[in-house]
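Hi,

Here is the structure I said I would pass on. Have a look at it first, and my notes follow underneath.

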Amino acid sequence: MSQATYCQIWADTQRELDTMLQREREEFLQPQEDPEQVMKMLATAYVQYLAILRKLAEAHAHLVHQQKRAAVRQALDGVMGRILEIKGEMVALEKCECHSMAAVLLELQRVPEDIEIPIPKYFIQENLGILQYREKFLHEILLNAGLLEQKEAVTAMTLEEGIRVIQVAERARQGRARAAFMRRIYLEEKRHSKKQEQQMAKSPDDAATCIQKVWRGHRQRKETERLREEEMIFLGMSLPPELEAMSSLQKTNVLEGEVQERANFSFRHELRAAEGPHIKETFQDEITQCFLECRHVTGRFPDYPPEKTGGSKAIIIEKHPEEILEELAAKKAQAEAEKNEKDKKGKEAKEPAPEKKPPKVEKQVVDEGWKMGPSNFLLMLEEGSSQYQVFWENRDNKADFLQDHDPELIKAGEREEVEEEIRVQVDEVMQEKLLRVKEAVDGETGPGQVKAAKEKASKTPAKKKISELEKDLTPGRTIDSLYQQLAEERLLIQVKNVNLSDYMGSQTVHENAPLVKSLLLAGPAGVGKKMLVHAICTETGANLFSLTPSSTGKYPGREGLIMMLHMILKVGKELQPSVVWIGDTERIYSKGASKGEDEVNFKRLARLLPQFLRALKPKDRVLLVGTSRRPFDANVGPFCKVYQKIILIPKPDYLTRFALWKHYILQCGGTLTKLLNLNCLAQVSDGFTQGHVVDVVHTVLTELRLLQMARKPLRTVEFVTSLARHDPVYNEEEEAFQAWYAKTPLGKAWNAARETNEEGKGKRKKKKGKGKGKGKK
């Protein structure tokens, strides 16, 4: 599609977003009493925001104009944040991670695929070069250290296979010999024909005619190709040659990199030359006026704020001196009132206490009902909407063939940087000027001010204590050397190329975005926990650190583990995003005694993980992910405190099993016929996991079986026989998972909410029964 089409998609989506914002102002800010109505309202907004996110991601991925991409990116980030806020409200309301969306999807006429969260492509595209270099560097480290997985051993050929290989090689040799013989004959005939042509020389007129034919044909082909290119550019179906010659990555780098920096620098230089003197004069006048107003109110010139507090930004105010006097008078009156109140309390304490009166019965506070919490993203969306209406809504996108930048937008963005640079220069000049004025008018000198500043600094509170993990335990070492050490010791591993779209299982996982410090994936073996960890890293381009007993055993003792976690933190923060994965994490908090030194050292992580999480700041894109197939073997208390978000991945239901059988059979080259009953397979595989289905399909559909499929179609019994060799997830294990999840914070909240609802339903039934009895009388 052309750029105009994607601009139209953006325009339509922006109108839908404006409608959603208007609806939020009308509905979400009003208190609601019915929980079912609130849940329906949240689920509807959730589905609609997902549709908007999908369209914005498509427009952002294909737009070439960088300023338009920046505007779409702002809306895209705001919508993603709003989806997470609505998801959090839904979880808080229902006390559950899994929500029933069937009624909402039916009402909105949507399909289940519409509630799958799309992954924006810019997560990977913006850092594609860095990710490719990092992957190549890690591969070289593992290759040099001999840690790459060895290929499968070569098996001996059978006699039939050996004969077939020899036959193929012999036939190929005969074919090459025949081709060489025919080539010699062809060259001999060509030499003979050339000799005849030399003997019969052509006239100059014939030679000129031949040259003219070749030249005219060449010129006409070039002209036709040029006209075709101009037509495609005019229709918007292709880009100009200077952009078409570049790859998509090079195109992005050129537009966002050196060329954009040069353009910004030129605009910045132009702004500094044209508006710099006026900006400088305006700042000086504002600061001078502020000094004079403060002296008029307080009787002395103020101290110039240091650069750490913002310099002149901290003293420039937009209030009238009379307003300042009113504020000072109000503060003085408040101080006197507090003093009088203290004196009054002191007098009352000396007098004998009167007899206490019985406390008044306070009125019960009526619950106003549910109300949407404050949002951190609605303001971003509203600002983006207003900017779109000002800059982009009425712009003619069809005439912008070259997708060139808008100079006025660049100047608006660069003006703030120019003003900041000039402000720093003005602060230096005005600070010296203030010192001279204070010395001449008030008689204050510089050393006294320095002394006062030192006294003020001495009163500042002490710095917060830095934890052991936040201290730099590896000074002088580069990130590359730490990266190499972690890779050689198998703490940093390669990520398997797995996408979230490849995961077929519980829809609960698709609806959860792991944007917390720690996440636990719990479920039976084979439901895809490890696959989801690799999918998170693939979709976000994250490094994957793996903590296992064998890898942590190389750092024995508490000090060794602190050094290991420090290196992981240092490299993970520098090369973020990063994922720290602990497989079978219940072993850290297991109730029984440990076996072996590595296991004992592995359990020491339990005391250091809270400190590791405290070292992660909000800006750090580092996620701790634990996977567990037996979480009920661990102590629940500390286990649930470390992992802020717990997702229980159950075994697949009937519809999921049906989709799994169909997907993997077709993916492995199988053919669906009437002899293969997928309904029967979905019924028989009740209790089995996704891993069991994948293993059975790979076991049955071997290379030999695929070759026989044309004359021997697949049958249901082949898969059933192979499935019978696996053990399913028994009811006892599933009940153990449910009982353990009921002990988690969210599980406890869900059980409490369910009991409350049941009590409410019982009371309503009793009231209805009494009402019916009275009616009969």
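Over which residues does the pLDDT stay under 50 with zero contacts beyond four places in sequence? That is residues 353–367, where pLDDT is the predictor's confidence in each residue, from 0 to 100, and contact means heavy atoms within 4.5 Å. Residues 507–514 also have a pLDDT below 50, but that stretch has 26 contacts in the model beyond near neighbours in sequence. Where pLDDT is low, the predicted coordinates should not be read in detail. For the whole chain, the average pLDDT is 78, and 77% of the residues score at least 70.

Some housekeeping: this is a predicted model, so local features need pLDDT of at least 70 and side-chain atom pairs count only at pLDDT 80 or more, while totals for chains, interfaces and linings use all residues. Residues are numbered from 1 along each chain as its sequence is written, and side-chain values use heavy atoms, with hydrogens and water left out.

Now the inside. The largest nonpolar core (buried Ala, Val, Leu, Ile, Met, Phe, Trp, Tyr and Cys residues joined through side-chain atoms within 4.5 Å; buried means under 20% relative accessible area, exposed over 50%, partly exposed in between, with a 1.4 Å probe and protein chains only) has 52 residues, and Leu547 and Met564 touch the most other members. Helix α20 (residues 557–574) supplies the largest share of this core, eight residues; helices (H or I, at least four residues) and strands (E, at least two) are DSSP runs, numbered from the N terminus. Leaving aside residues up to four places away in sequence, Met564 touches Leu491, Leu547, Thr552, Tyr555 and Leu605. Another core, of 44 residues, lies apart from it, with Val47, Leu63, Leu76 and Met372 among them.

Helix α16 (residues 479–488) has buried residues including Ile479, Leu482 and Tyr483. The buried residues of α16 pack against α6 (128–144), β1 (492–493), β3 (543–547) and α20. Just after α16, Arg490 has a positive phi of about 65°.

Last, Val516. What does Val516 touch, not counting residues up to four places away in sequence? The answer is Leu623, Gln644 and Lys645. Val516 sits in the loop between α17 (507–510) and β2 (518–522), and is partly exposed because its relative accessible area is 30%. Its C-alpha atom is separated by 9.0 Å from that of Val622, 106 residues apart along the chain.

Cheers
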